[in-house]
Amino acid sequence: MRQKSSYSNKIFLLVLFFLIAGTIHSQPQKVCVASKAMVVSAEELATKVGVQILKKGGNAIDAAVAVGFALAVTYPTAGNIGGGGFLVAHLGDGRNISIDFRETAPKKSFRNMYLDSSGNFVQEKSLLGGLAVGVPGTVAGLILALEKYGSMSLTQVIQPAINLAEYGFPLSVSNAKMFNENRKYFQKFESSSKLFVKENEFKEGDIFYQKDLAKTLNNIQELGIKGFYEGEVAQKLVKCINQNGGIFQLEDLTAYKAIERDIIKGNFLDYEIISMPPPSSGGIALVQILNMMELIHEKNPNLDELEYYHSLIEVLKLVYAERAAHLGDPDFIDIPTEKLISKMYAKYQSNRITNQATPSKEIQSKLKDFFESEETTHYSVLDEFGNAVSVTYTLNSGFGSKLIAEGTGVLLNNEMDDFSAKPGVPNQFGLVGSEANSIEPHKRMLSSMTPTIVLKENKPYLIVGTPGGSTIITVVAQVILNKLLLKEDIETSVFKPRVHHQWLPDQIDIETDSISEELSSKLVERGHKIGRKRLLGLVEAILIEDGKIIGVSDKRGSGHAEGY
Ligand code: DON
């Protein structure tokens, strides 16, 4: 890692900001080929912030932290400092690391907090307003990453975000659209209305200023973690959350810690997969899917389209059933990680797959029998020093709880909905859970976020991740399978239409053109049900192959790839 530089020149960074703002493309760049470094994120200005940090000599961690703060300003639907997420990195010296900055349940939370007097789940409470908010982790996570693995100062990496908030930026079509679409929710909260509701609708090119957010970011720049988790900002967060139905205390914020965790490692064909451990279900589930698909491919390397999709769907059902049964916060429950990701268990599980679809109600976790006798945004960064960073972070729903903490500009998450509020009752993503993911004070809610890096000969080969709630795991798995197993090029691997199954509900969700009418009828003949037609994922990926770096931003979104 490079040494921390004492360089701190706000004037330079201000000039840099205007340079960046002056070079916005009218259309974001979906594919970019470069030779040294690359950033792919869901928003063009944030991508450019990352590229400028890299060009200034920063490493991929510096750039990732800068992009994280910038997205909080330029992509408020999911970019955040009021939410949480996960960072996975492969460092130039060969180490693989992960940082968990997932939100926690506030201390006063309790198991049945979202049930009414008749015991029914009242989902509006876990989605909207103060009671939906988990203790935010992003600021602690980004600062931990920077202090431990970055080379620049917090002043340097946060300044572009401050400038974007203070001096404003022109709204893209998609930002304007998202703001307008959420108007009715923002109107519920005075603090949110001030920023997101005006007389007329927002339109492309409007300059969007966030003065309060600039002040909060300045506070963080001056005081570090304490600038958010203690003092004036913390007090304002607690006050506003509680005025809007929440149960926060100052100590929830002061007690928050981002945690460095051992990454989940798997092998797939000749590649090594490194991904996020619990409290995300992503890494474990991804490795399980790849393990089983590898075995199925070994048995029959020439699977036709019908067999491929049939097997994949059956594998997904098995994996999501395990997720519901076993995964949650590892600081609260024991997770049989090694067993779940073992090749042996994959063999046993894949042997349960027959020619016919197994109804989901007949699928339960078999781990016990066998051994006794688990709106968001993703970004990927690669630097020229061999460091690769994969970050997925979120407010949960688009604009989270829709609540801005008065005076701070901080949009707060609604991550509490990721807990299993009542066993067997689905959350907003249709996911059901068990005791493993029940609500407890300070516990982290189970996630599906799957920031992943594929290594080849211990060097970064593919950096990948996506938003999409419960579909994140299946989307990341399909991009990897498309590239490594089906040998598609990286654009096709990302752009190709996808399918999704999550055990319950027992249905295959599809995208337009993901499966032909003919294939669809054949799958139905085998007992599958075709469910919703919807968009699956917004992948931001980087491939490093044959001396070239290819950044690909999903054509499904408005993201931007840029490198040099
Ligand atoms: O952690 C999770 O799994 C969810 N909170 C992610 C939410 C998400 O991806 C929404 N975006 N489309």
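Buried, on this tour, means under 20% relative accessible area, with exposed over 50% and partly exposed in between (1.4 Å probe, protein chains only). You're looking at a predicted model, where local features need pLDDT of at least 70, side-chain atom pairs count only at pLDDT 80 or more, and totals for chains, interfaces and linings use all residues. Numbering starts from 1 along each chain as its sequence is written, and side-chain values use heavy atoms, with hydrogens and water left out.

**The whole protein**

Start zoomed out. The secondary structure comes to 21 helices and 21 strands; these are DSSP runs numbered from the N terminus, with helices being H or I of at least four residues and strands E of at least two. The radius of gyration (over C-alpha atoms) is 22 Å, close to the 24 Å from the globule rule (2.2 Å times the number of residues to the power 0.38), so the protein is as compact as a globular protein of 564 residues. Along the principal axes, the C-alpha atoms fill a box of roughly 65 × 60 × 45 Å. Color by accessibility and 63% of the 564 residues count as buried.

**Helix H5**

Now select residues 138–149, which is helix H5. Its end C-alpha atoms are 16 Å apart, and that agrees with the expected 16 Å for 12 residues (1.5 Å times one less than the number of residues). Is H5 enclosed or not? Nine of its 12 residues are buried, so the rest of the structure largely encloses it. Show side chains for some of the buried ones, including Val139, Leu142, Ile143, Leu146 and Tyr149.

What does H5 lie across? Add strands S3 (84–90), S4 (96–101), S7, S10 and S11. Contact here means heavy atoms within 4.5 Å. Against S4, H5 runs at about 155 degrees, with axes fitted to C-alpha atoms (for helices over the stretch in contact) and angles running from 0 to 180 degrees between N-to-C directions.

**The sheet**

Next, bring up the open sheet of seven strands, in the order S7-S4-S3-S11-S10-S2-S21, with antiparallel pairing; two strands pair if DSSP finds at least two bridges between them. At the edges stand S7 (259–261) and S21 (560–563), each with a single partner strand, so one side of each has no neighbour in the sheet. Neighbouring strands are turned by 15 degrees against each other on average, direction ignored.

Zoom in on S10 (residues 376–382) and S11 (residues 388–394), an antiparallel pair with seven bridges. Pick Val381 and you'll find Val389 of S11 opposite. Then add helix H2 (residues 44–55), which lies across S2 (38–41), S10 and S21 and runs at about 160 degrees to S2.

Step back to Glu375, in the loop between helix H18 (367–371) and S10. Leaving out residues up to four places away in sequence, Glu375 touches Thr77, Ala78, Thr394, Leu395, Asn396, Ser397 and Gly398.

**Salt bridges**

Last stop: a search of the whole structure finds 32 salt bridges, each a side-chain nitrogen of Lys or Arg within 4 Å of a carboxyl oxygen of Asp or Glu. Select Asp554 and Arg556, whose closest N and O atoms are 2.7 Å apart. Asp554 is buried at 1% relative accessibility, and Arg556 is buried at 17%. Elsewhere, shared partners join Asp100, Arg261, Asp331 and Arg444 into one network of salt bridges.

Then go to Asp206 and Lys198, bridged at 3.2 Å, N to O. Asp206 is buried at 13%, while Lys198 is partly exposed at 35%. Finish at Lys265 and Glu272, bridged at 3.4 Å; Lys265 is partly exposed, at 45%.
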